[in-house]
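Let's take a walk through this protein chain, one piece at a time. Keep the 3D view open and turn it as you read.

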Amino acid sequence: MYLSYFGLKRQPFKITPDTSLFFAGAERGGVLDAIMYALNSGEGIVKVVGEVGSGKTMLSRMLTRNPDDKTEFVYLLNPRLKAEQALFAIAYDLGLVVDAGDKSIQILHVLQRKLLDLYQAGRKVVLIVDEAQQMPLSTLEEIRLLSNLETETEKLLQIILFGQPELDEHLDTPKVRQLRERITYSFYLTALDWKKADSYIHFRLKKAGHEGRTIFKQSAIKLLAKRSEGTLRRMNVLADKALLAAFLDKSPVVEPKHIRLAIKDSQKSNMRYKLPSPALSLIVFFVLCCAAYWFIYKTEYRALVGLGHEIVNEVETVEFLSVPEDRKVVKKTVLEQRILAYEKWRKQSKGMYTVQIFSANKATELELNQYLKDVVKYIDLNKVFVRKIADKHGGYIVYYQSFNNFSDASKAINQLPNRIKKYKPYVNLI
């Protein structure tokens, strides 16, 4: 919307880790070079620690951007895998034919043979573990055992652990002391101060085609760096919203007031407000009107439902309960339907595998309903189940089907439409 107004050719502050927008400043370029050096040295395990949104995923993408023919990368994107599942996932990624029911020692033996074959062919394998702070201690210990696979002179497998600061606390546990001692290189992604933030903002704008006058006032960048706490992802989100605010304000530059508007908008999107009673009354009245309309046309409505999925609207079932001097509305949303279905499905499928297709810590019910109504266009919603996270952070996790083994679940991911794949689905244990 604001691109032509500010003389830009593309969005400058996308949060998708696009390697063409890699910012080598703020020590990111130095960390990348150091990781490459550590990999080339062929010794020990590499650890990269940074806060949420500090650029860890971008770094991992940069490592594989221009791989030589002698390097093969293996990813563990689901950190909650059990030890035997992790070994299976690594073997599967390397193209090995293994069964999810095989014991760890069997898979480890097959892996060692494969890695030795690759080594003799002049190739090296690098294992990248994302969100390593969430990995069970038993799985971390299994990862450590993989680092024991070596020849007389070199390791057969290089390992990089990417994680949040909690990873260091995790590694302080006595049970993984041997793993901690194998980490020979540790790198930390620090937050950006306002000067580095200034360089970052102008770098992104230039990459988006900006030339000429400054778009962000220095005072705006100082406020942006402070309120984003110097993390790249938050900075991108706020900078994008601030540009939109300046555009709507018909301002030629982004000022502190536009940053404050962006902050306010972000805070609203992450909060759930209790509606005042007048607003609630209006909503109840609206629902009553919709209910009356539904009852009048229920025959036609049911005919339409019969043509497709049973769940096609946010308000699926509306019933009136007679109580003295009042009438209450009970509505069942798509989200509520799938949450109720989750418990029964979980009990029936315990010990099986599933595909996690979506998760959001701060998603509102409205956003989740919209996502589910989008999903129904591509897959059968009756095979989708939603778990509500009951902790201080809240949120939801959306699962797709249940499978008898890891292999079938992995194949199901490949068959999902791109609209679903964009959220990076992965296999999980029920």
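Before we start, one term: two strands count as paired if DSSP finds at least two bridges between them. With that in hand, look at Phe385, whose bridge partner in strand 10 is Tyr399. Bear in mind throughout that what you're looking at is a predicted model.

That bridge belongs to a bigger picture. Strand 9 and strand 10 (residues 396-403) are joined by five bridges and run antiparallel. They're part of an open sheet of four strands, in the order 9-10-8-11, with antiparallel pairing. Strand 9 (384-388) and strand 11 (426-429) sit at the edges with a single partner strand each, so one side of each has no neighbour in the sheet. From one strand to the next, the twist averages 40 degrees.

Two helices pack on this sheet. Helix 14 (residues 334-348) touches strand 8 (353-360), strand 9 and strand 10, and its direction makes about 90 degrees with that of strand 9. Helix 15 (residues 365-375) also touches strand 8, strand 9 and strand 10, and its direction makes about 30 degrees with that of strand 10.

Now step back for a moment. The chain has 430 residues, and 43% of them are buried. Its secondary structure comes to 17 helices and eleven strands. Take the contacts between residues at least 6 apart in sequence: 72% of those join residues at least 24 apart.

Next, find the other sheet on our route. This one is open too, with five strands in the order 2-3-4-1-5 and parallel pairing. Which strands stand at its edges? They're strand 2 (71-76) and strand 5 (183-189), each with a single partner strand, so one side of each is left without a neighbour in the sheet. Here the twist averages 20 degrees from one strand to the next. For a look inside the sheet, pick out strand 3 (residues 124-129) and strand 4 (residues 157-163), which run parallel and are joined by five bridges. One residue to find there is Val129, whose bridge partner in strand 4 is Leu161.

Helices lie across this sheet as well. Helix 3 lies across strand 2 and strand 3, and runs at about 145 degrees to strand 2. Helix 5 lies across strand 2, strand 3 and strand 4, at about 150 degrees to strand 4.

Let's see how these helices meet. Two packed helices are described by the angle between their axes and the distance between the axes. Helix 3 (residues 83-93) packs against helix 4 (residues 104-120) at an angle of about 25 degrees, with the axes 9 Å apart. Angles under 35 degrees count as roughly parallel, and helix 3 and helix 4 are therefore roughly parallel to each other. Helix 3 passes helix 4 in a left-handed crossing. On the helix 3 side, the contact is made by Glu84, Leu87, Phe88, Ile90 and Ala91, while helix 4 brings Ser104, Ile107, Leu108 and Leu111. Sorted by class, that contact has seven nonpolar, one polar and one charged residues.

Helix 3 has another partner in helix 5 (residues 137-146): their axes are 8 Å apart, at an angle of about 45 degrees. Helix 3 and helix 5 are therefore oblique to each other. Here Ala83, Ala86, Leu87 and Ile90 in helix 3 meet Ser138, Thr139, Glu142 and Leu146 in helix 5. By class, this contact has five nonpolar, two polar and one charged residues.

Is helix 5 mostly covered or mostly uncovered? Seven of its ten residues are buried, so to speak of it as mostly covered is fair. Among the buried residues of helix 5 are Thr139, Glu142 and Leu146, and these also appear in the contact with helix 3.

Helix 3 also holds Gln85. Gln85 is buried, with a relative accessible area of 5%. Leaving aside its neighbours within four places in sequence, Gln85 is in contact with Tyr353 and Leu429. Go back to the four-stranded sheet to find them: strand 8 covers 353-360, and strand 11 covers 426-429.

Last stop: Ala246, in helix 10 (residues 232-248). Is Ala246 buried or exposed? Ala246 is buried, with a relative accessible area of 0%. Not counting residues up to four places away in sequence, Ala246 touches Phe6, Ser251, Val253, Val254 and His258. To finish, locate Leu261, 15 residues from Ala246 along the chain; the C-alpha atoms of the two are separated by 9.6 Å.

Conventions: Residues are numbered from 1 along each chain as its sequence is written. This is a predicted model: local features need pLDDT of at least 70, side-chain atom pairs count only at pLDDT 80 or more; totals for chains, interfaces and linings use all residues. Side-chain values use heavy atoms; hydrogens and water are left out. Axes are lines fitted to C-alpha atoms, for helices over the stretch in contact, and angles run from 0 to 180 degrees between N-to-C directions. Angles under 35 degrees count as roughly parallel, over 145 as roughly antiparallel, 65 to 115 as roughly perpendicular and the rest as oblique. A crossing is left-handed if the near helix is turned anticlockwise from the far one by less than a right angle, and right-handed if clockwise. Contact means heavy atoms within 4.5 Å. Ala, Val, Leu, Ile, Met, Phe, Trp, Tyr, Cys and Pro count as nonpolar, Asp, Glu, Lys and Arg as charged, and the others, Gly among them, as polar. Buried means under 20% relative accessible area, exposed over 50%, partly exposed in between (1.4 Å probe, protein chains only).
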